[in-house]
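Let's take a walk through this fold together. Have the viewer open and follow along.

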Amino acid sequence: MPGHQRIAPGSPFEEQTGFTRAIRVDNRILVSGTVGIEADGSVAADAAAQADRCFALILDHIAQMGGTALDLVRVRIFVTDMADADAVSASFARHCRAARPTATLVGIAALYDPRWKVEIEAEAVLGTES
């Protein structure tokens, strides 16, 4: 579509199902649910480490589309165990505090892969750095 920039699919699942990992429309960047899969396909057992990986991937996608962490305006965090909420919130603070985006953290029953403890979505608006 004209005016849309997309991140190339990073997994066969994206191609198979037809969704986009991240898309830029005008000055908005939307990053779909991101889990903490390492480049080699492994997943850390620790929820905080998974959250750190999620934020690293999300911020990389935003950077590829011309933004920075300071452009973040909304973050949605899904955890499969609320006992991990504090550790995941600490990861949020490490990666997003400077931008002060809106944020939601909710507990859910499960994610697609039982190894995944956290999934994070994000939205950035370019030019919102303060």
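**From contacts to core**

Among contacts between residues at least 6 apart in sequence, 70% join residues at least 24 apart in the protein chain. Keep in mind that you're looking at a predicted model. The protein chain holds 3 helices and 6 strands, and reading from the N terminus the order goes β-α-β-β-α-β-α-β-β.

Now for what's inside and what's outside. Of the 130 residues in the protein chain, 38% count as buried. The chain exposes about 7,100 Å², with carbon and sulfur atoms supplying 54% of that area.

In soluble globular proteins, nonpolar side chains tend to be buried together. Here, the largest nonpolar core has 25 residues, and those with the most contacts inside it are Ile62, Leu72, Val75, Ile77, Val118 and Ile120. Strands E3 (28-35), E4 (72-79) and E6 (118-125), along with helices H2 (47-64) and H3 (85-96), each supply at least two residues of this core. H2 gives the largest share, 7 residues.

So let's zoom in on H2. Its 18 residues should span 26 Å at 1.5 Å a residue, and the end C-alpha atoms are indeed 26 Å apart, so the expected and modelled spans agree. At the N-terminal end, Asp46 acts as the cap: one of its side-chain oxygens lies 3.2 Å from the backbone nitrogen of Ala48. Just after the helix, Gly66 takes a positive phi of about 95 degrees.

Which residues of H2 are buried? The list runs Ala47, Ala48, Gln50, Ala51, Cys54, Phe55, Leu57, Ile58, Leu59, His61 and Ile62. Select them in your viewer and look at what they touch: the buried residues of H2 pack against strand E2 (22-25), E3, E4, H3 and E6.

Ile62 is a nice residue to center on, being one of those with the most contacts inside the core. Leave aside its neighbours within four places in sequence, and Ile62 is in contact with Ile29, Val31, Gly67, Thr68, Leu72 and Ala124.

Last stop, the cysteines. Cys54 has a relative accessible area of 0%, so it is buried, the cut-off being under 20%. Cys96 sits at 1% relative accessibility, so this residue counts as buried too. How many disulfides are there? With sulfur atoms required to be within 2.5 Å, the count comes to 0.

Terms used
Residues are numbered from 1 along each chain as its sequence is written. This is a predicted model: local features need pLDDT of at least 70, side-chain atom pairs count only at pLDDT 80 or more; totals for chains, interfaces and linings use all residues. Side-chain values use heavy atoms; hydrogens and water are left out. A nonpolar core is a set of buried Ala, Val, Leu, Ile, Met, Phe, Trp, Tyr and Cys residues joined through side-chain atoms within 4.5 Å. Buried means under 20% relative accessible area, exposed over 50%, partly exposed in between (1.4 Å probe, protein chains only). Helices (H or I, at least four residues) and strands (E, at least two) are DSSP runs, numbered from the N terminus. Contact means heavy atoms within 4.5 Å. Accessible areas come from the Shrake-Rupley method with a 1.4 Å probe; for residues, only the protein chains shown count as cover. The expected span of a helix is 1.5 Å times one less than its number of residues. A polar contact is a pair of N or O atoms within 3.5 Å; within protein, one must be able to donate a hydrogen and the other to accept it, and residues adjacent in sequence count only if both atoms are side-chain atoms.
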